[in-house]
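Visitor: Hi, could you walk me through this one? I'd like to start with how the chains meet and then move on to the DNA.

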2 protein chains.
Amino acid sequence: MSKNLNLKAARAAKDMTQKDLADAAGVTRQTINAIELGEYNPSVKLCVAICRAVGKTLNDLFWEENSNEK
Amino acid sequence: MSKNLNLKAARAAKDMTQKDLADAAGVTRQTINAIELGEYNPSVKLCVAICRAVGKTLNDLFWEENSNEK
DNA sequence: TAAAAAAGTAATATATACTTGACAAATAGA
DNA sequence: TCTATTTGTCAAGTATATATTACTTTTTTA
């Protein structure tokens, strides 16, 4: 897994801290941090919650062209 | 969680069985079945693998308008 | 209408997402 | 430069996605 810079950028564009986004998405700060760093493979429901919090779609933030593994 | 009829339809459009899709996505038939029935909250990587297998995007298959819970 | 294939279901086991709490490192603001 | 905020990290615990095996029910097809 690689870093999710799209998410980091979308969060920055909304001027939200990791804590802010975590609260909005209903998870902990550590979970958001791990997702941005590419250490977790989040559930799609969490992805949707994150997308809604930062005003983006799944394709915007989680559709990378090169990721084949499960 | 509710049924994923978009996925079921996309699979049917490709004339794939749950087993076919499972093989293409690298998971078991039961996992695909559970996802279509809305019993699992799949990882985003698995969602991407499924999307690629049926020629759809994340927004096509996993972006429901009404899903607020994590 | 019978057999075959596909889909649904269930139990047990394992891997990992996610939590909690705590602390260190980095960044930003006074 | 000092302080507060934000981010990164780690260890231990809980919840759940996914695997495996096996069986039943439904659908397809010959």
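**Where the chains meet**

Guide: The contact is made by 19 residues from chain A and 19 residues from chain B, where two residues are in contact if their C-beta atoms, placed from the backbone, lie within 7 Å. This is a predicted model: local features need pLDDT of at least 70, side-chain atom pairs count only at pLDDT 80 or more, and totals for chains, interfaces and linings use all residues. Residues are numbered from 1 along each chain as its sequence is written, while chains are lettered from A and ligands numbered from 1 in the order in which they are written.

Visitor: Which helices of chain A each supply at least two residues of the side that touches chain B?

Guide: Helix H4 (44-54) and helix H5 (58-62) of chain A do. Helices (H or I, at least four residues) are DSSP runs, numbered from the N terminus. H4(A) has the largest share of that side, six residues.

Visitor: And what classes of residue are on that side of chain A?

Guide: There are 10 nonpolar, six polar and three charged residues. Here Ala, Val, Leu, Ile, Met, Phe, Trp, Tyr, Cys and Pro count as nonpolar, Asp, Glu, Lys and Arg as charged, and the others, Gly among them, as polar.

Visitor: How is chain A laid on chain B?

Guide: A turn of 180 degrees and a shift of 0.0 Å along the axis lay chain A on chain B with an RMSD of 0.0 Å. The copies are superposed by least squares on the C-alpha atoms of residues with pLDDT of at least 70 in both. The two copies are thus related as by a two-fold rotation axis. In chain A, the C-alpha nearest the axis belongs to Ser43(A), 2.0 Å from it.

Visitor: Why do the copies meet through the same surface?

Guide: Because 100% of the interface residues of chain A are also interface residues in chain B.

Visitor: OK, DNA now. Which residues are closest to strand D?

Guide: Thr17(A), Gln18(A), Thr28(B), Thr31(B) and Pro42(B) are the closest of the 17 residues that surround DNA strand D. A residue is near a strand if its C-beta atom, placed from the backbone, lies within 6 Å of it.

Visitor: Which helix gives the most there?

Guide: H3(A), with four residues of the surface near DNA strand D.

Visitor: What about strand C, which residues are closest?

Guide: DNA strand C is surrounded by 17 residues, and the closest are Val27(A), Thr31(A), Pro42(A), Thr17(B) and Gln18(B). On the surface near DNA strand C, H3(B) has the largest share, three residues. That surface has five nonpolar, 10 polar and two charged residues.
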